[in-house]
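Good morning, and thank you for making time for this item. I shall show one chain and then walk through selected parts of it.

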Amino acid sequence: PISLLFNPLIWSNETVMFTVEGNINSNASIITRPFYKGEKISKKHEKGYVDVFGLSEGFRYYFDREHKGWFTAAHFTFEYVSMMHSYDDSKYDRVEDSGNGIELGFYLGHKFRYGRHIVSSIDIGATYGEVFISKDGKDDVEDVTNIGIGIDINYTIGFAF
């Protein structure tokens with residue numbers, strides 16, 4: 001997604017995401033999206049990290065044949081979250097935890113084809129996510145992953161085989 005080029009410039013988190021779309025028939029496909037999201041916490045009296053490894057699986061239905069034009073999609077995401085946060089290097093203020101997260105999203109989008117092999121798409125959707133981690137760790141994790149209801153906007157450029 002193009003947003004990955006701009007995301008680190010605005011926020012301090014890192015994101016790496018790949019998308020693979022496999023055809024089921026002329027109107028439907030399966031989307032697999034492995035990803036990593038992370039953030040290093042480095043402030044005057046605080047330090048730590050949040051790492052999120054995930055896999056999103058989705059189904060996309062195109063209203064036109066040939067996998068182009070308007071589509072609707074649903075995605076289910078599973079995440080593994082690991083975090084550590086300390087304040088002034090004090091072992092008493094150190095929070096270290098790991099947990100899992102899930103997310104469900106529904107999208108509406110449009111896919112463009114340029115020639116035979118170049119594609120781009122834009123979609124917007126509503127998501128709901130939850131992370132199962134301690135209360136102390138949830139505040140740091142909220143900066144990196146979605147907790148609760150959210151809006152997701154994606155723009156992608158890709159290569160079709």
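Let me begin at a single position: His67 sits in the loop that links strand 4 and strand 5. This is a predicted model, and every value I quote is computed from it. Is His67 buried or exposed? His67 is buried, because its relative accessible area is 6%, and the limit for a buried residue is under 20%. The backbone deserves attention as well: phi of His67 is positive, about 55°, although the residue is not a glycine. For context, most residues other than glycine have a negative phi.

The same loop, between strand 4 (46-62) and strand 5 (69-87), also holds Glu66. Here too phi is positive in a residue other than glycine, near 75°. With respect to solvent, Glu66 counts as exposed, because its relative accessibility is 52% and the threshold is over 50%. How many residues lie between the strands in this hairpin of strand 4 and strand 5? There are 6 residues between them, and Glu66 takes its positive phi within that hairpin.

Allow me now to place this loop in the overall layout. The chain contains 2 helices and 8 strands. Along the sequence, these elements follow the order α-β-β-β-β-β-β-β-α-β. The chain has 161 residues, of which 40% count as buried. Taking contacts between residues at least 6 apart in sequence, 55% join residues at least 24 apart.

I turn to strand pairing. Strand 3 (residues 28-42) and strand 4 run antiparallel and are joined by 15 bridges. These two strands form a hairpin with 3 residues between them. Within strand 4, Leu55 stands opposite Pro34. Strand 4 is in turn joined to strand 5 by 17 bridges, again antiparallel. Two partnerships illustrate that pairing: Gly58 has His75 in strand 5 as its bridge partner, and Glu57 has Phe76 in strand 5. Strand 5 then pairs with strand 6 in the antiparallel sense, over 17 bridges. On that side, Gly69 is bridged to Lys111 in strand 6.

In a regular strand, side chains alternate between the two faces of the sheet. With that general point in mind, let us consider the nonpolar residues. Which residues make up the largest nonpolar core? There are 8 in all: Phe35, Ile41, Val50, Val52, Val81, Met83, Val131 and Ile133. Strand 3, strand 4 and strand 5 each supply at least two residues of this core.

Next come the aromatic rings. The chain has 3 aromatic pairs. One of them joins Tyr61 and Phe63 in an edge-to-face arrangement, with 5.7 Å centre to centre and 85° between the planes. Tyr61 counts as partly exposed, because its relative accessibility is 36%, which falls between the limits of 20% and 50%. A charged residue also meets a ring in this model: Arg60 lies over the face of Phe71, at 4.1 Å from the ring centre.

Phe71 brings us to a histidine in another strand. His110 has its place in strand 6 (residues 95-114). Its relative accessible area is 17%, and therefore His110 is buried. Which residues does His110 contact, once its neighbours within four places in sequence are left aside? They are Gly69, Trp70, Phe71, Ser120, Ser121 and Ile122. For one of these, Ser120, the separation from His110 is 10 residues in sequence and 8.5 Å in space, C-alpha to C-alpha.

Ser121, another of those contacts of His110, leads to my last site. The side chain of Ser121 makes a polar contact with the side chain of Thr156, at 2.7 Å. Thr156 is located in strand 8 (residues 148-159). Thr156 is buried, because its relative accessible area is 17%.

To close, I return to the loop with which I began. His67 and Glu66 both lie between strand 4 and strand 5. His67 is buried at 6% relative accessible area, whereas Glu66 is exposed at 52%. Thank you; I am glad to take questions.

Terms used
Residues numbered from 1 in each chain as written. Predicted model: local features only at pLDDT ≥ 70, side-chain atom pairs only at ≥ 80, totals over all residues. Heavy atoms only, no water. Phe/Tyr/Trp six-rings, centres within 6.5 Å; stacked < 30°, edge-to-face > 60°. Buried < 20%, exposed > 50% of the residue type's maximum accessible area, 1.4 Å probe, protein only. Lys NZ or Arg CZ within 6 Å of the ring centre and 35° of its normal. Helix = DSSP H or I, 4+ residues; strand = E, 2+ residues; numbered from the N terminus. Contact = heavy atoms within 4.5 Å. Pairing = 2+ DSSP bridges. Core = buried A, V, L, I, M, F, W, Y, C linked by side-chain atoms within 4.5 Å. Polar contact = N/O pair within 3.5 Å; in protein donor to acceptor, adjacent residues only side chain to side chain.
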